[in-house]
Amino acid sequence: MSSLPQRTHIYQNHHFDSTRWDYFEPRSDDIVIATSYKAGTTWTQAIVAHLLFQDGKFPAPPAEMSPWLDMRIVPLEVVLNKLKAQQHRRFIKTHLPLDGLPYNENTKYLYIARDARDVFMSLWNHYTSMKDEMFMLMNMLVGRVGDELPYPPEDIHIFWRNWITRGAFEWEADGWPYWSHLSNVQSWWNYRHLPNIQLFHYGDMLEDTEREVRRIAAFLEIDVPENTWPDIIKAISFDEMKCKGELYAPGGGQFWKGGAKTFLYKGTNGRWRDILSAEELRLYEAACERALTPDCRGWLEHGGPN
């Protein structure tokens with residue numbers, strides 16, 4: 001493994017195109033918020049927005065201020081021009097593994113991970129709630145590389161088997177028809193020792209939100225007056241964010257049946273215990289053995305210091 005992250009793969013599919021980062025001009029204080037998917041991305045964008053704008057007066061909704069740069073749908077020129085015009089400290093979203101991202105030593109990388117089984121349950125809600133318009137945007141947009149994003153099966157167990165045993169890229173072994181959650185986490189875990197990469201666990205954020213948000217602020221070197229903390233913690237609570245879902249959900253939630261309240265669904269862990277059978281969990285065991293080192297798997301399942 002190299003001492004610094006190297007981009008060794010190009011990721012292009014119905015959702016994203018990693019080569020869009022080739023045209024991005026970084027600033028010395030940029031923040032990148034990274035997850036595989038369904039692991040707390042929107043929550044973390046809201047947290048960073050409230051840390052940067054502590055009075056809660058945003059110049060734009062957090063998802064607009066913090067664009068998903070690798071996402072294919074919004075024209076690259078539009079995204080780059082909006083980022084270039086921003087006068088505040090920028091925070092950009094990515095769902096890329098670290099081996100698909102150009103690494104910058106001056107950028108702060110905030111990575112959030114979540115147990116794969118919880119990610120799966122959240123992804124099932126996300127996938128089955130997508131409107132036809134979203135599938136059309138993904139699949140009909142000029143320049144798509146690879147297969148279309150298929151409609152989800154009616155049976156969650158069929159989706160689980162495909163997601164945990166099939167890779168969407170030739171170098172991955174799970175994640176179909178999206179991309180591998182497990183390989184994504186491992187790619188970031190390998191470089192957690194670097195001072196500008198900090199890993200956070202969704203379970204830890206649920207367990208003690210204030211502790212983890214304070215860790216995020218410390219990592220980003222953002223000063224927060226003590227009397228401001230209660231307002232920030234209240235503002236980024238799940239209930240408060242769900243009440244203001246149109247502000248936080250990408251596109252205001254317009255591409256999901258039920259809107260923002262569907263996009264910001266439950267935010268809980270452990271729902272897989274009532275769904276996945278012992279045989280299905282054996283498929284999970286095999287996938288973890290293929291993709292994760294034991295220390296990474298232990299942290300991914302239980303959280304805690306990394």
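A crossing of two helices is called right-handed if the near helix is turned clockwise from the far one by less than a right angle, and left-handed if anticlockwise. Keep that in mind, as you will use it twice on this tour. The model in your viewer is a predicted one.

**Stop 1: the sheet**

Select strands β1 (residues 31-34), β2 (residues 91-94), β3 (residues 108-113) and β4 (197-201) and show them as a cartoon. In what order do the 4 strands of the open sheet lie? Reading across, you meet β2, then β1, then β3, then β4, and the pairing is parallel. The edge strands are β2 and β4, each of which pairs on one side only. Now tilt the view: direction ignored, neighbouring strands here are turned by 20° against each other on average.

**Stop 2: strand β1 and its partners**

Zoom in on β1 and show its side chains. I31 and I33 point one way, V32 and A34 point the other way, and all of them are buried.

Next, look at how β1 is joined to β2. The two strands run parallel, with 4 bridges between them. To find one of the pairs, select I31 and then F91, its bridge partner in β2.

Then turn to β3. Here, too, β1 pairs in the parallel sense, over 4 bridges. Two pairs to pick out are V32 with its bridge partner Y109 in β3, and A34, which stands opposite Y111 in β3.

**Stop 3: strand β3**

Stay with β3 and show its side chains. Which residues point which way from β3? K108, L110 and I112 go one way, while Y109, Y111 and A113 go the other. Because 6 of the 6 residues of β3 are buried, this strand is largely enclosed by the rest of the structure.

Now follow β3 across to β4. How many bridges join β3 to β4? There are 5, and the two strands run parallel. Select Y109 and you will find its bridge partner I197 in β4. Select I112 and look for F200, its bridge partner in β4.

Before leaving the sheet, add helix α9 (residues 209-219) to the view. This helix lies across β3 and β4, and runs at about 170° to β4.

**Stop 4: helices α6 and α14**

Select helix α6 (residues 156-165) and helix α14 (residues 278-291). Their axes come within 9 Å and cross at roughly 15°. Angles under 35 degrees count as roughly parallel, so α6 is roughly parallel to α14. As for the handedness, α6 passes α14 in a left-handed crossing.

Show side chains to see who meets whom. From α6 come H157, W160, R161, I164 and T165, and from α14 come E279, E280, L283, Y284, A287 and R290. Colour this contact of α6 with α14 by class and you will find 5 nonpolar, 2 polar and 4 charged residues.

**Stop 5: F159**

While you are on α6, select F159, which lies in this helix. Is F159 buried or exposed? F159 has a relative accessible area of 1%, so it is buried. Which residues is F159 in contact with, leaving aside its neighbours within four places in sequence? Select F120, L123, W124, Y127, P153, W176 and P177 to see them.

For a sense of distance, draw a line from the C-alpha atom of F159 to that of I31, back in the sheet. These two residues are 128 residues apart along the chain, and their C-alpha atoms are separated by 34 Å.

**Stop 6: helices α7 and α15**

Now select helix α7 (residues 181-189) and helix α15 (residues 294-302). They pack at an angle of about 110°, with axes 10 Å apart. Angles of 65 to 115 degrees count as roughly perpendicular, and α7 and α15 are therefore roughly perpendicular to each other. This time the crossing of α7 past α15 is right-handed.

In α7, H181, L182, V185, Q186 and W189 meet D295, C296, W299 and L300 in α15. The residues of this contact of α7 with α15 divide into 6 nonpolar, 2 polar and 1 charged.

**Last stop: M134**

Finish with M134, whose place is in helix α5 (residues 132-140). With a relative accessibility of 6%, M134 counts as buried. Measuring C-alpha to C-alpha from M134 to V79 gives 19 Å in space, for two residues that are 55 residues apart in sequence.

Terms used:
Residues are numbered from 1 along each chain as its sequence is written. This is a predicted model: local features need pLDDT of at least 70, side-chain atom pairs count only at pLDDT 80 or more; totals for chains, interfaces and linings use all residues. Side-chain values use heavy atoms; hydrogens and water are left out. Axes are lines fitted to C-alpha atoms, for helices over the stretch in contact, and angles run from 0 to 180 degrees between N-to-C directions. Angles under 35 degrees count as roughly parallel, over 145 as roughly antiparallel, 65 to 115 as roughly perpendicular and the rest as oblique. Contact means heavy atoms within 4.5 Å. Ala, Val, Leu, Ile, Met, Phe, Trp, Tyr, Cys and Pro count as nonpolar, Asp, Glu, Lys and Arg as charged, and the others, Gly among them, as polar. Buried means under 20% relative accessible area, exposed over 50%, partly exposed in between (1.4 Å probe, protein chains only). Two strands pair if DSSP finds at least two bridges between them.
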